[in-house]
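Colleague: Before I set anything up from this model, could you take me through its fold and its confidence, one question at a time?

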Amino acid sequence: MTSSPSANRWAAHGGGASVAKGSSRRGRRSGVRRDPSAAAAMSQDDRFAFTAEWYDPNASLFRRYELLYYPKDGSVEMYDVKNHRTFLKRTKYESLHLEDLFVGNKVTVFSRHLTLVDYGDQYTARKLGSRKEKSLALIKPDAVHKIGELIDIIINAGFTITKAKMMVLSRKEAADFYVDHQSKPFYNELLQFITSGPIVAMEILGDDAVCKWKTLLGPANSAAAQTDAPESIRGSFGHTGLRNAAHGPDSVASAAQEMVTELCSGPCIAMEIIQPEPPKVFRDFCGPSDPEIARHLRPGTLRAVFGKNKVQNAVHCTDLPEDGLLEVRPARQTWDSVIESFKVESYT
């Protein structure tokens, strides 16, 4: 059986690499030789450069490449900068389009799933940097019953909801989420509120999404929002400074977004475990939250065996006995009400 052209292309270039950012993309670069015709083509054709990341399951690590896209003919090119060699020669690839190219997006090139983690040069950042961006939209417990109206507002504002998940935060997750507020006098009240019921975490996509979502939210204090921005989400649905309906990060790189993005990246299975001391016994079975530490201290634990990093650490478990009832509380009634609200408010 003969292999496909795409398989041959990948087979000819192995391995991955870290990518140096912002280096020149013309002529000789880090020992990579390009023939004159290729250099001439690059000088004539518009092209965009990205730093792309691919998870190698065999080596259990992330590999980085420089991905070049030529909109004139829809061709792509990839370079392994660490090993100073071409990874994929310039090849026409019709499945990739200019609108797919923005930092944070996941694209597929010849069956490899790549994450675009940064712009490869200033030209690309200047040309495409103001295009698509992702942000976290978190609906707090006091506004979950209005999820249908809120989804309508988000979509009508020009956003696309790319991922969504309903969940109940444990106190530890809430503490990690609001670590920047740890010294604030309202910290404990904030944790108690955010863990008091389900939240809905959404990844939203749009032009200048972080800034635009913050504007749509309005001032953090609901009273100020009702006066200064009555049409905003907090002006319409908020009650106090803490019970202000929704949250948004200040930057794309927010740690909160990392956590929610991971939780929304695929299916999760929630299980209620019955045992004489379930929080302690299962927590010991899970191991330390950091897989690297787990592999050194508790190599047989779940996170040591299956975890990748602090965010992608395979499994979550209840940390405190008092959190157990909160986390396993039946969600069917909540889900039914949310779904019904969505149906009634969004489609009538």
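**Helix, sheet and confidence**

Modeller: Let us start with helix α7 (residues 209-217), whose buried residues are A209, V210, W213, L216 and L217. They lie on the same side of α7, because the arc they cover around the axis is only 130°. Please keep in mind throughout that this is a predicted model.

Colleague: Against which elements do the buried residues of α7 pack?

Modeller: The helix itself is followed directly by G218, which takes a positive phi of about 90°. As for packing, the partners of the buried residues of α7 include two helices, α4 (147-156) and α9 (233-237). The complete set of elements they pack against is β7 (132-139), α4, β9 (199-207), α9 and β10 (246-247).

Colleague: What is the strand order in the open sheet of six strands?

Modeller: The pairing in this sheet is antiparallel, and its edge strands, each pairing on one side only, are β4 (85-92) and β5 (106-109). Neighbouring strands are turned by 35° against each other on average, with direction ignored. Read across the sheet, the order is β4-β3-β2-β1-β6-β5.

Colleague: Which residue of β6 stands opposite F50?

Modeller: F50 can be followed to two neighbouring strands, since β1 (residues 48-56) is joined to β2 (residues 61-70) by nine antiparallel bridges and to β6 by four, also antiparallel. In β2, the bridge partner of F50 is L67. In β6 (residues 112-119), the residue opposite F50 is Y119.

Colleague: How many residues of β1 are buried?

Modeller: Taking buried to mean under 20% relative accessible area, strand β1 is mostly covered. Of its nine residues, the number buried is eight.

Colleague: Which residue has a positive phi in the turn between β1 and β2?

Modeller: These two strands form a hairpin with four residues between them. The positive phi, about 55°, belongs to S60.

Colleague: Which residue takes a positive phi in the hairpin of β3 and β4?

Modeller: Strand β3 (residues 75-80) runs antiparallel to β4 and is joined to it by five bridges, and M78 has L88 in β4 as its bridge partner. The hairpin has four residues between the strands, and the one with a positive phi, near 55°, is H84.

Colleague: At the other edge of the sheet, which residue in β6 does V109 stand opposite?

Modeller: The strands concerned are β5 and β6, which pair in the antiparallel sense over four bridges. Opposite V109, in β6, stands R112.

Colleague: What share of the residues in the protein chain is buried?

Modeller: The chain has 15 helices and 10 strands, and it exposes about 19,000 Å², of which carbon and sulfur atoms supply 54%. Among contacts with a separation of 6 or more, 62% come from residues 24 or more positions apart. Of the 348 residues, the buried share is 41%.

Colleague: Where in the protein chain is confidence lowest and where is it highest?

Modeller: The chain averages a pLDDT of 76, and 72% of the residues score at least 70. Two stretches stay under 50: residues 1-44, for which the model has 81 contacts beyond four places in sequence, and residues 330-339, for which it has six such contacts. Confidence is lowest in helix α2 (residues 36-44), at a mean of 39, and highest, at 96, in α9.

Definitions and conventions: Residues numbered from 1 in each chain as written. Predicted model: local features only at pLDDT ≥ 70, side-chain atom pairs only at ≥ 80, totals over all residues. Heavy atoms only, no water. Pairing = 2+ DSSP bridges. Axes fitted to C-alpha atoms, helices over the stretch in contact; angles between N-to-C directions. Buried < 20%, exposed > 50% of the residue type's maximum accessible area, 1.4 Å probe, protein only. Arc of directions from axis to C-beta. Contact = heavy atoms within 4.5 Å. Areas by Shrake-Rupley, 256 points an atom, 1.4 Å probe, with all protein chains shown as cover. pLDDT = per-residue confidence, 0-100.
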